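Visitor: I should like to learn how to read the features of this model. May we begin with the arrangement of its strands?

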Amino acid sequence: MRALPRRPEVRLTELGFGAAQGGNLYRATTDEEFASAVDTAWEAGVRYYDTAPHYGLGLSERRLGAALRHRPRDEYVVSTKVGRLLVPSPQDAHLRDSDGFDVPASHRRVWDFSRDGVLRSIEASLDRTGLDRIDIVYLHDPDDHWEWAVSEAVPALVDLRDQGVVGAIGAGMNQSEMLARLVREADVDVMMCAGRYTLLEQGAADDLLPAAESRGVGVVIAGVYNSGLLSRDRPPADAVYNYQQAPAELIERARRIATVCETYGVTLPQAALAFVRRHPAVVSTVVGVRNTSQVVEAVRRSEAVVAEELWDALAAAGLLATAP
């Protein structure tokens with residue numbers, strides 16, 4: 001396990017459990033499937049679990065809390081997020097959520113990075129999970145609300161952390177530039193960066209990761225497969241990148257990377273997981289999983305031994321900016 005440099009009492013396993021699928025991301029998942037996935041992850045030693053109110057309009061938080069509630073509380077870490085309040089919308093309950101989750105549209109998401117919004121969001125998350133505390137709280141996608149988030153949400157989270165209400169604070173985004181700025185300008189502990197530091201692209205290596213390393217801020221990498229492009233041994237023609245159909249040139253690049261990986265006896269997904277963990281600022285890698293078989297596969301991939309020479313070979317082929 002890796003401790004957060006600024007908050008050593010918060011320790012994350014190298015592999016984290018991403019619970020968006022527990023909110024019925026893209027398609028329905030049963031309570032039994034998700035509970036079994038958590039059980040399997042626990043048995044494999046996974047002790048870091050990430051969720052958010054956004055995931056299934058609270059369904060992910062409810063399911064994750066139910067699956068963890070009977071386990072020793074000091075043995076696992078849970079992170080959730082603030083910035084989107086869930087407001088009841090009973091008039092739309094007969095409709096389906098339009099934000100990618102297969103759930104009734106019984107609530108609507110309302111952006112709120114105010115101090116009151118942060119407090120209400122955390123209270124609601126505690127109620128949905130049934131847990132006694134949240135270990136890590138991230139600002140969730142404050143891309144279009146920077147001033148609001150920095151002026152109100154961050155100070156609120158700092159106060160809650162300093163009071164011992166939460167263990168660590170930070171932000172989770174699909175970009176690295178704002179995360180790097182937050183590291184440089186705010187009193188934060190951990191950043192979640194999705195998709196911007198992967199075997200395919202390393203933009204975060206230019207801003208977020210050096211800033212985090214210099215200031216002792218941990219980085220959790222999510223979206224390690226770039227939404228799916230790196231999730232198969234050989235990327236198919238209909239591979240997804242950034243939640244959309246991948247451009248042909250990126251599919252070809254991913255296939256070239258896969259070919260080099262094969263010569264070193266590892267698959268593309270195995271190399272994708274191993275690559276991001278090499279950076280000293282990275283404290284965990286969160287992989288989204290839906291059921292037991294996906295957990296087993298994620299654990300198997302994370303345990304693969306990858307030859308050091310692979311990174312030099314990828315760099316020499318022009319497929320990696322520099323060997324880490």
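Guide: In this predicted model, eight strands close into a barrel, and their pairing is parallel. Going round, the order is E3-E4-E5-E8-E9-E10-E11-E14. Neighbouring strands of this sheet are turned by 30 degrees against each other on average, direction ignored.

Visitor: How many bridges join strand E11 and strand E14?

Guide: A pairing is read from its bridges, and two strands pair if at least two are found between them. Strand E11, residues 218–222, and strand E14, residues 282–288, have three bridges in the parallel sense. For one of the residues concerned, Val220, the bridge partner in E14 is Ser284.

Visitor: Which strands does helix H3 lie across?

Guide: Helix H3, residues 115–129, lies across strand E5 (77–82), strand E8 (134–140) and strand E9 (166–173). The angle to read here is the one with E5, to which H3 runs at about 135 degrees. Helix H4, residues 146–162, also lies across E5, E8 and E9. For H4 the angle is given against E9, and is about 155 degrees.

Visitor: Which parts of the structure cover the buried residues of helix H8?

Guide: A residue is read as buried if its relative accessible area is under 20%. Helix H8, residues 268–277, is mostly covered, with 10 of its 10 residues buried. Among them are Leu268, Leu273, Phe275 and Val276, as well as Gln270 and Arg277. The cover includes the strands E3, E11 and E14. It also includes helix H7 (248–263), H9 and helix H10 (309–316).

Visitor: How many cavities of 30 Å³ or more does a search of the whole structure find?

Guide: The search finds three. The largest cavity holds about 60 Å³ of space, and the second largest about 40 Å³.

Visitor: Which residues line the largest cavity?

Guide: A lining may be read by its residues, by the elements that supply them and by class. The residues here are Leu15, Gly16, Phe17, Ala41, Val46, Val287, Val289, Val295, Ala298 and Val299. Strand E3 (15–18) and helix H9 (292–302) each supply at least two residues of this lining. By class, nine are nonpolar and one is polar, with no charged residues.

Visitor: How do the residues lining the second largest cavity divide by class?

Guide: The lining of the second largest cavity has two nonpolar, six polar and one charged residue. Its residues include Asn174, Arg196, Asn226, Ser227, Asn242 and Tyr243. Ala194, Gly195 and Gly223 line this second largest cavity as well.

Conventions: Residues are numbered from 1 along each chain as its sequence is written. This is a predicted model: local features need pLDDT of at least 70, side-chain atom pairs count only at pLDDT 80 or more; totals for chains, interfaces and linings use all residues. Side-chain values use heavy atoms; hydrogens and water are left out. Helices (H or I, at least four residues) and strands (E, at least two) are DSSP runs, numbered from the N terminus. Axes are lines fitted to C-alpha atoms, for helices over the stretch in contact, and angles run from 0 to 180 degrees between N-to-C directions. Contact means heavy atoms within 4.5 Å. On a 1 Å grid over the protein atoms alone, a cavity is a set of points where a 1.4 Å probe fits but cannot get out, and a pocket is an open set with protein on both sides within 12 Å along at least five of seven lines; lining residues have an atom within 4 Å of a point. Grid points are joined across faces, edges and corners, and a volume is the space filled by probe spheres set on the points. Ala, Val, Leu, Ile, Met, Phe, Trp, Tyr, Cys and Pro count as nonpolar, Asp, Glu, Lys and Arg as charged, and the others, Gly among them, as polar. Buried means under 20% relative accessible area, exposed over 50%, partly exposed in between (1.4 Å probe, protein chains only).
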